[in-house]
Amino acid sequence: MTQDELKTLVGQAAVQYVVPGDIVGVGTGSTVNKFIDALAAIKDRIPGAVSSSEASTTRLKALGIPVFEASEVGELAVYIDGADEIDGRGFMVKGGGAALTREKIVAAQSRRFVCIADESKLVSTLGAFPLPVEVIPMAAGRLVRQFAALGGQARVRLRDGKPLVTDNGQHILDVTGLTIDDPLAFESTVNQWPGVVTVGVFAHQKADVCLLGTASGVRTLTF
């Protein structure tokens, strides 16, 4: 099966975790787009969704699914999102789509995090995928030096030759050269650095379930 077919498989499988009558938390990215498309088939069973990005909001509304602001609703039953990496404990690296801050907010608002991913995203140790970190632009230079002190090489993410601007009006650093052996401690440490909005390690908001697309079908991992 192609990677796109695997994404479709897990996107469709995630629909079973949607709680009828409850607003669902929806993430961002190509795999989540497959879930949004599948969600349209049961849109009459839910009031709507809380979205983690402008891109997902646009897709949801185009399919006739109402979108609520996170601040308008209380606790969500489930949040469904992808990952750039996930390990055997449910810890993840996220932010390849630059929506990590809003993703972490909606994840924190949800009782259950269901990660949907193809099998290439499962790793033994986080760090091979460039770590996204949303930062306030004036702090970028100093944060590059702080990551260098940890052995990482941080670069401002560009789009069309200019720094990418997130939905929150900030920039993204992508950090390579790190091996994240203790995701909980790493997330806590980097989040304390002045100028960091959100680090793309999701350890405190880890996955509870991962639906992993494989050539033999959907593999369910529970953490």
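Which residues of helix H5 (residues 140-149) are buried? In this predicted model, they are Ala 140, Leu 143 and Phe 147. They cover an arc of only 60° around the axis, which puts them on the same side of H5. Turn to the face pointing away from that buried side and you'll find the exposed residues Arg 145 and Ala 149. Just past the helix, H5 is followed by Gly 151, which has a positive phi, near 95°.

So what sits over the buried residues of H5? The cover includes helix H6 (183-191), along with strands S8 (131-135), S9 (153-156), S12 (171-176) and S13 (196-199).

Those four strands bring us to a sheet. It's an open one of 4 strands, in the order S9-S12-S8-S13, with antiparallel pairing. S9 and S13 are its edge strands, each pairing on one side only. On average, neighbouring strands here are turned by 25° against each other, direction ignored. S8 and S13 run antiparallel and are joined by 3 bridges, and Val 133 stands opposite Val 199 in S13.

Two helices pack on this sheet, as the table shows.

| Helix | Strands touched | Direction angle |
|---|---|---|
| H5 | S8, S9, S12 and S13 | about 15° with S12 |
| H6 | S8 and S13 | about 165° with S13 |

There's also an open sheet of 3 strands, with antiparallel pairing and the order S5-S6-S14. Strands S5 (85-86) and S14 (201-202) stand at the edges with a single partner strand each, so one side of each has no neighbour in the sheet. S5 pairs with S6 (residues 92-93) in the antiparallel sense over 2 bridges, and the bridge partner of Ile 86 in S6 is Met 92.

Definitions and conventions
Residues are numbered from 1 along each chain as its sequence is written. This is a predicted model: local features need pLDDT of at least 70, side-chain atom pairs count only at pLDDT 80 or more; totals for chains, interfaces and linings use all residues. Side-chain values use heavy atoms; hydrogens and water are left out. Buried means under 20% relative accessible area, exposed over 50%, partly exposed in between (1.4 Å probe, protein chains only). The arc is that of the directions from the helix axis to the C-beta atoms. Contact means heavy atoms within 4.5 Å. Two strands pair if DSSP finds at least two bridges between them. Axes are lines fitted to C-alpha atoms, for helices over the stretch in contact, and angles run from 0 to 180 degrees between N-to-C directions.
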